[in-house]
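Student: I would like a close look at one part of this model, the barrel. Please walk me through how its strands are arranged, and then show me what lies around it.

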Amino acid sequence: MTTLDGVVDLDVSGATINRHLYGHFAEHLGRCIYEGFWVGEDSEIQNSGGIRDDVVQALKDIAVPNLRWPGGCFADEYHWMNGVGPREERPSMVNTHWGDVVEDNSFGTHEFMRLCELLGADPYVSGNVGSGTVAEMSDWIEYLTRSGDAPMSRLRREHGRSEPWKVPFWGIGNENWGCGGNMTAEQYTQLAAQFATYCRNHDGNELYRIAAGPNRDDYHWTETLMKSISSLGGPARTPKHNGWQALSFHYYTHASDDWQHKGSATEFTAAEYHETMVRAWRIDEIVRGHVRVMDAYDPEAAVGLVCDEWGTWWDVEPGTNPGFLFQQNTLRDALVAGLHFDVFHENARRLVMANIAQTVNVLQAMVLTDGARMVLTPTYHVFAMNAGHQDATSHPVQVRSADAAYEGEQGSYRTLTTTVSSKDGSALVSLTNLDVDGPATVRLALRGKVWEVARARVLAAPSVQAHNTVEAPDAVAPAQFDGARREGDTLVVDLPPHSFATVELTLS
Ligand code: AHR
């Protein structure tokens, strides 16, 4: 039995947890866009203008705040003009990154914007820096966001949409240190300034431009970008500023360093489980590392930090296309998500957005589809149970004592992690027990407000390899939880091994 004993002052506010930390990512990769979202208007699967209704409803239920598209690596070879106009006339292309398949461009700008409308999510478009031009990116923004009689707004109107859309988030390339052009930090920093200059704000649409930042812990890349902000006209949010407002980084969790053997999603050993958790915890050190560099150049945190690709990356499911990155999703994935969210919440002063990779049928997905059938993954349930943290005020947990740690061959990691936040007269406590074998008890003295336990739920299963399939869709699903109780001013929660739980409190 491991324990954590802490104090939380509900009348002392930490940073606001930006709802965009719960963002998503959908790339033209494998069965994410095609089959996952887009089935076409003539499909027997129930759809709205070609977009499947079941997936949209499932994602609406977890309040998806934003959706990043069209990539990933695909973004830097995507030419948006090929994806507008009558579908039967759109040229096709080869998706060289993902399976070398022919992409017919039937899902393009209008389809993506319609998907965002159906989801009630803000669009986050990644523009092409690697193989595109400044003019191409600038025209895309004009096409999307400008009204009146400009050339691109006229073209949009000819394609059936008279009003411009609102596009709040704009990515300037993707992984330009790798698939987005193999650039150095210095080269990219120059280009980011150039491209961002022509990402114009039309008709009151204010773009939040996100520079493609480093891989993992490449602090040199972050520092090179940050050094350039003074030459871009000062703090990122002032009207004078003529560049980007945030920088992004990516971090994936595997069970090994061998890219050819990342580990199976479902058949893993105890050693691989520990390896996974050691690596998942690196997100903490990496976020803090980037924050430290950014603080040195921008102490007021005007420039945002964005983690626009994160999650687990395992070997593909046996028998599936290696270029499609289709993987199952177990309770282990859900625990990795719980841990990431606690780290994201703790760094919410600087970290303004995060996007799990990816939403449907690719990597650490929310939803897996099989023809007309759909399965919600354990990770989906963490997003659902944590939805109350979106735009809530965080309340830092001061740990008085904790004996919750794993130490072994793979390294060491904390096995208990928690977040407390509040909004609109209620509080949400999330708790993740990473101890694969043992139960845990968390005791939190909650001060400063009168509170009552309103509801508690737990995501648990006899085995950490448990996962959902079309035959057993609820093998891992949230259940009512009787492990949370009040002792005086203390909330006591008894967690089963390898579990995630949430406790909702009413405040007065
Ligand atoms: O999410 C899959 C790929 O991982 C993305 O296309 C790329 O940006 C990253 O390397």
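Tutor: Start with the barrel itself. Eight strands form a closed barrel, in the order E2-E5-E8-E9-E10-E11-E12-E13. The pairing is parallel. From one strand to the next, the twist averages 25 degrees. Keep in mind that this is a predicted model.

Now take one pair from that ring. Strand E2 covers residues 23–25, and strand E5 covers residues 66–69. They pair in the parallel sense over two bridges. Find His24 on your screen. Opposite His24 stands Leu67, in E5.

Next, move to a helix that lies across barrel strands. Helix H9 spans residues 331–346. H9 lies across three strands: E11 (246–253), E12 (304–312) and E13 (351–357). Its direction is at about 170 degrees to E12.

H9 also leads us to the nonpolar residues. The largest nonpolar core has 117 residues. Within this core, Trp170 and Trp244 have the most contacts. H9 gives the most to this core, with nine residues. Two domains take part: domain 1 (2–9 + 394–507) and domain 2 (19–390). Each supplies at least three residues to the core. Another core, of 25 residues, lies apart from this one. Among its residues are Ala404, Ala484, Val493 and Val503.

What else is there besides the barrel? An open sheet of six strands, in the order E16-E20-E21-E27-E23-E24. Here the pairing is antiparallel. This sheet has edge strands, E16 (393–394) and E24 (479–480), and each pairs on one side only.

Look at one pair here too. Strand E20 (residues 416–423) and strand E21 (residues 426–433) pair in the antiparallel sense, over eight bridges. Ser422 stands opposite Ala427, which is in E21.

The sheet also has a helix across it. Helix H10, residues 378–385, lies across E21, E23 (451–459) and E27 (499–507). H10 runs at about 170 degrees to E23.

Finally, check the record. An unreviewed UniProt entry lists residues 308–499 as "domain: Alpha-L-arabinofuranosidase C-terminal". In this model, the end C-alpha atoms of residues 308–499 lie 26 Å apart. The span is 12% helix and 43% strand.

Methods: Residues are numbered from 1 along each chain as its sequence is written. This is a predicted model: local features need pLDDT of at least 70, side-chain atom pairs count only at pLDDT 80 or more; totals for chains, interfaces and linings use all residues. Side-chain values use heavy atoms; hydrogens and water are left out. Two strands pair if DSSP finds at least two bridges between them. Helices (H or I, at least four residues) and strands (E, at least two) are DSSP runs, numbered from the N terminus. Axes are lines fitted to C-alpha atoms, for helices over the stretch in contact, and angles run from 0 to 180 degrees between N-to-C directions. Contact means heavy atoms within 4.5 Å. A nonpolar core is a set of buried Ala, Val, Leu, Ile, Met, Phe, Trp, Tyr and Cys residues joined through side-chain atoms within 4.5 Å. Buried means under 20% relative accessible area, exposed over 50%, partly exposed in between (1.4 Å probe, protein chains only). Domain bounds come from an automatic or database domain assignment. UniProt positions are given in the numbering used here, feature names are shortened, and annotations may be inferred rather than shown by experiment.
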